[in-house]
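Hi,

Here is the structure I promised you. Have a look at it first, and my notes follow below.

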Amino acid sequence: MSERRKPYPFDQIEPKWQTIWEERQLFHALNPGEKNFDPSKPKFYILDMFPYPSGAGLHVGHPEGYTATDIVARYKRMRGFNVLHPMGWDAFGLPAEQYAIKTGEHPATTTRANVAKFKAQLKRIGFSYDWQREINTTDPRYYKWTQWIFLQIYNSWFNAKANKAEPISTYRGPAPDRVRLAYVADVPVNWCAELGTVLANEEVVDGKSEIGGFPVVRRPMRQWMLRITAYAERLLNELDGLDWPEGIKLLQRNWIGRSEGAEVDFSVAGIDDRGYKIRVFTTRPDTLYGATYMVLAPEHSLVDLIVTEEQWPAVREYRERAARKSDLERTELAKEKTGVFSGAYAVNPVNSERIPIWVADYVLLGYGTGAIMGVPAHDERDLVFARKFHLPIREVVRPFGGEDPIGFVGEGIAINSPVIDGLPSREAIRKITAWLEELGLGKGAINYKLRDWLFSRQRYWGEPFPIVWENEKHRAIDQNELPVVPPPLDDYKPIGTGEPPLTRAREWVRYSDNALRETNTMPQWAGSCWYYLRFCDPQNDKRFVGEEAERYWMGGDKPGGVDLYVGGTEHAVLHLLYARFWHKVLFDLGYLSKPEPFQRLVNQGIVLGEDNQKMSKSRGNIVNPDDVIDQYGADAFRCYEMFMGPLEQMKPWSMRGVEGISRFLARVWRLLMTENQAGEWELSTRLKEADPTSAQTKITHATIKKVTEDIESLSFNTAISQMMIFVNAFTNAETLPLSAMRIFLVLLNPFAPHLTSELCQKLNSKFGDNVSDTTEQKWPDYDERFLAEDEVEMVIQVNGKVRDRMKVSILATEDEVKSIALANARIQRLVNGKTVRKIVVVPKKLVNVVANE
RNA sequence: GCCGAUGUGGCGAAAUGGCAGACGCAACGGACUUAAAAUCCGUUGGGCCGUAAAAGGCCCGUGCCGGUUCGAGUCCGGCCAUCGGCACCA
């Protein structure tokens with residue numbers, strides 16, 4: 001790159017102001033109770049999704065959201081808010097561990113280096129984070145409290161009557177270990193041999209690990225689980241009070257997947273009638289009379305008990321094959337339904353009919369009861385299955401329209417169903433459910449797709465569990481033994497048997513003579529589930545967050561505490577759902593003041609490469625912020641990130657675009673500065689303490705209004721457009737009124753803080769007001785009076801087409817406007833020979849003359 | 001398959017149901033310059049009529065088809081395309 005002359009000296013200005021801000025700690029937020037804390041100011045908590053500090057450093061996608069929040073943070077400070085705007089590191093996770101496996105270097109070392117790199121990059125952009133609140137999930141002083149929160153979850157149960165979590169001590173039933181919110185279970189898990197670990201469903205994509213793309217198989221293992229399903233209903237309902245994009249709420253609703261229906265008991269018609277009952281879940285109990293067969297999931301516990309002698313070999317073989325299927329195979333083979341007859345029959349409780357019981361893997365053990373009734377006439381999957389295995393098909397719903405009842409899954413009229421014949425589906429469902437309940441054959445039930453959260457990982461680089469095992473039983477270690485710090489290892493490789501790497505540290509594992517430590521670690525989500533709470537009070541070593549600090553920053557009159565949370569859609573379900581879950585547990589236990597963590601959520605769009613493709617190393621289209629800043633400066637970088645287009649939209653990067661923005665900032669600079677003969681910049685002589693013209697006042701106030709409203713609605717691109725219009729309007733002005741320039745610098749400050757601070761300082765040195773720095777100034781108010789005009793230009797339309805314009809006093813009545821329009825020569829010509837049918841007047845906008853032959 | 005988002009100049013985009021394309025990029029022309037860069041000024045959706053050239057005039061145009069309305073990029077119905085999510089959840 002050739003050494004180009006800088007359009008303005010950003011390379012000197014930017015480091016200078018960053019140093020000043022650092023020295024003065026201008027962006028440090030005080031907590032209630034601290035010296036100089038001003039309780040009269042309202043609070044504003046604005047949060048970014050904190051990054052995983054990878055070795056690759058930032059690319060221009062990261063700072064998009066960060067710039068948006070920084071603008072809002074700076075704006076809110078000027079508006080007189082106490083602003084909490086922190087940043088930290090989500091630093092546990094697989095990449096550092098993989099690197100450790102390769103190099104033997106401790107993950108903490110790589111993490112430290114990566115954090116330093118990320119932090120330096122962020123600082124260069126001039127973000128106004130309160131770095132005194134920086135946190136790192138891998139810091140023992142942080143994960144001590146992650147472990148502490150786990151213990152709260154472990155020591156709680158969900159009281160369904162109260163619909164909330166309570167300390168396990170309030171549980172009166174037997175076997176408290178069975179109701180804890182954190183529990184151990186042997187569950188079929190997604191085992192990834194390559195990574196040597198179990199993965200959550202969400203971390204498996206198309207049967208392969210999300211990280212690395214390695215094959216994943218199902219395998220039963222003893223795992224820690226968190227009972228998030230207890231909160232399904234609240235996680236669903238309490239979305240309503242949040243200001244989140246509807247699309248994201250919908251994603252969560254679908255993920256939780258509530259469905260209402262009934263559980264119905266079918267008895268097994270065995271020769272020796274052992275009285276087994278099989279419970280099925282259905283959303284359509286009104287189709288009970290259409291059940292012509294039943295299906296059990298291959299893993300269903302009753303399969304063993306009901307299978308007949310002659311069917312046993314076939315069933316056993318089928319089960320084994322199903323168990324061996326990887327997720328990948330299951331997905332790929334989803335189209336072709338398989339199954340095997342068990343030899344047994346069930347009795348349909350509504351009509352005592354004997355129907356065959358099949359075993360098929362299209363029924364999932366983990367959902368509902370793991371058993372279904374097959375109603376081929378009114379369920380697509382059942383229809384496919386029935387046709388393949390030649391099972392009878394019986395219509396029990398007649399569509400309202402004339403559609404074919406076979407395969408009809410909508411609502412209609414119940415037929416061939418004595419108890420509910422002639423009733424529309426909804427009523428039929430209600431009636432048959434009541435009927436089943438009355439006879440003790442079933443009951444209304446609700447099911448969720450949401451599963452409990454698989455919470456353990458066989459990894460090194462994660463939070464160890466504060467749990468020890470004694471006589472095959474788990475128990476919590478004492479709170480004052482926290483944090484549980486993982487031991488250093490020589491070898492971080494997975495053991496391969498499914499045993500976690502921590503097993504290697506024999507000394508560490510031996511907790512006492514008869515107790516061993518839990519060697520699993522927590523998943524990466526753990527640390528990010530509550531970091532927003534720690535930011536409120538990051539140095540507190542007595543509590544995970546101080547009560548007063550939590551009440552202040554996480555308070556307010558809305559259900560959610562964080563006022564604005566910005567991040568990518570990729571966390572729409574998992575992170576946001578897990579964090580809400582932990583928050584609710586802590587809320588129930590009385591540690592928090594609001595039931596939800598994040599009141600307003602905004603997703604920034606993905607930044608694509610210049611080639612309109614997703615940025616990736618292999619495409620070679622990654623743009624590094626450092627390069628952009630070297631060439632154009634941080635202010636231009638920030639402004640371009642915002643000028644690209646709407647925050648939430650996906651949009652491509654363009655270096656030409658950065659250049660355009662950089663030209664704009666240079667125009668701002670040269671508006672107030674001129675270069676003298678010696679090539680030095682000095683204040684323009686056009687700057688005067690003069691009254692602005694009325695046109696100048698008007699555009700100034702229009703700009704205040706537009707920029708203010710656009711920041712509030714996060715429409716930063718149009719705010720910048722308006723400021724460009726402002727600058728264009730003043731570029732050739734003979735006199736630059738100081739007052740207008742000062743206002744403009746404040747408006748531009750959140751976007752280009754370095755440039756505006758420098759210019760403000762230059763103005764102060766000459767005009768000597770008692771103003772220290774733009775970042776500490778008040779946000780200007782606009783006055784509607786200056787925006788109003790005496791006259792407006794109105795459009796005259798004939799039949800909806802613009803034909804002319806006219807200047808009209810804003811005081812003109814509708815009738816006056818009409819007659820001026822009709823008197824217009826051009827309009828007369830067009831209307832000539834036609835009859836005017838109607839005249840529409842939109843005040844201050846237009847007149848539409850409707851005329852025809 | 002189901003759900004959601006998006007679709008406007010050469011490009012990024014803007015428009016409480018009221019002048020489509022603000023602002024920026026690119027391109028072109030001009031000024032400044034020995035020259036270039038930078039800067040400043042101007043032109044720039046398409047087609048047609050008009051004129052010596054202008055001025056001026058008309059028509060079409062926001063993915064496609066239809067509707068509501070005096071008036072639709074915007075509202076309603078139906079399609080198409082791209083992107084994202086879910087995917088045997090009974």
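One of the polar contacts is between Thr 282 and RNA strand B: a polar side-chain atom of Thr 282 sits 3.4 Å from a sugar or linking oxygen of the strand. Keep in mind that this is a predicted model. At Thr 283, a polar backbone atom is 2.4 Å from a sugar or linking oxygen of RNA strand B. There's a base contact too: an N or O atom in the Ser 721 side chain lies 3.3 Å from a base nitrogen of RNA strand B. Elements that give two or more residues to the surface near the RNA include α7 (246–256), β13 (277–282), α20 (655–672) and α22 (716–731). The most comes from α22, with six residues.

Stepping back to the whole surface, 50 residues surround RNA strand B, and Ser 259, Thr 283, Lys 337, Arg 381 and Arg 805 come nearest. By type, the residues of this surface are 22 nonpolar, 12 polar and 16 charged. On the RNA side, 67% of the strand B atoms within 4 Å of the protein belong to sugar or phosphate, and the rest to bases.

I also looked at one of the sheets. It's an open one with four strands in the order β8-β7-β11-β21, paired antiparallel. Its edges are β8 (197–199) and β21 (453–454), each pairing on one side only. Strand β11 (residues 217–226) is joined to β21 by two bridges, and Leu 226 has Trp 453 as its bridge partner in β21. Helix α5 (residues 140–154) packs on this sheet, touching β7 (182–192) and β11, and its direction makes about 90 degrees with that of β11.

Cheers

Definitions and conventions: Residues are numbered from 1 along each chain as its sequence is written. Chains are lettered from A and ligands numbered from 1 in the order in which they are written. This is a predicted model: local features need pLDDT of at least 70, side-chain atom pairs count only at pLDDT 80 or more; totals for chains, interfaces and linings use all residues. Side-chain values use heavy atoms; hydrogens and water are left out. A residue is near a molecule or strand if one of its heavy atoms lies within 4 Å of it. A polar contact is a pair of N or O atoms within 3.5 Å; within protein, one must be able to donate a hydrogen and the other to accept it, and residues adjacent in sequence count only if both atoms are side-chain atoms. Ala, Val, Leu, Ile, Met, Phe, Trp, Tyr, Cys and Pro count as nonpolar, Asp, Glu, Lys and Arg as charged, and the others, Gly among them, as polar. Two strands pair if DSSP finds at least two bridges between them. Contact means heavy atoms within 4.5 Å. Axes are lines fitted to C-alpha atoms, for helices over the stretch in contact, and angles run from 0 to 180 degrees between N-to-C directions.
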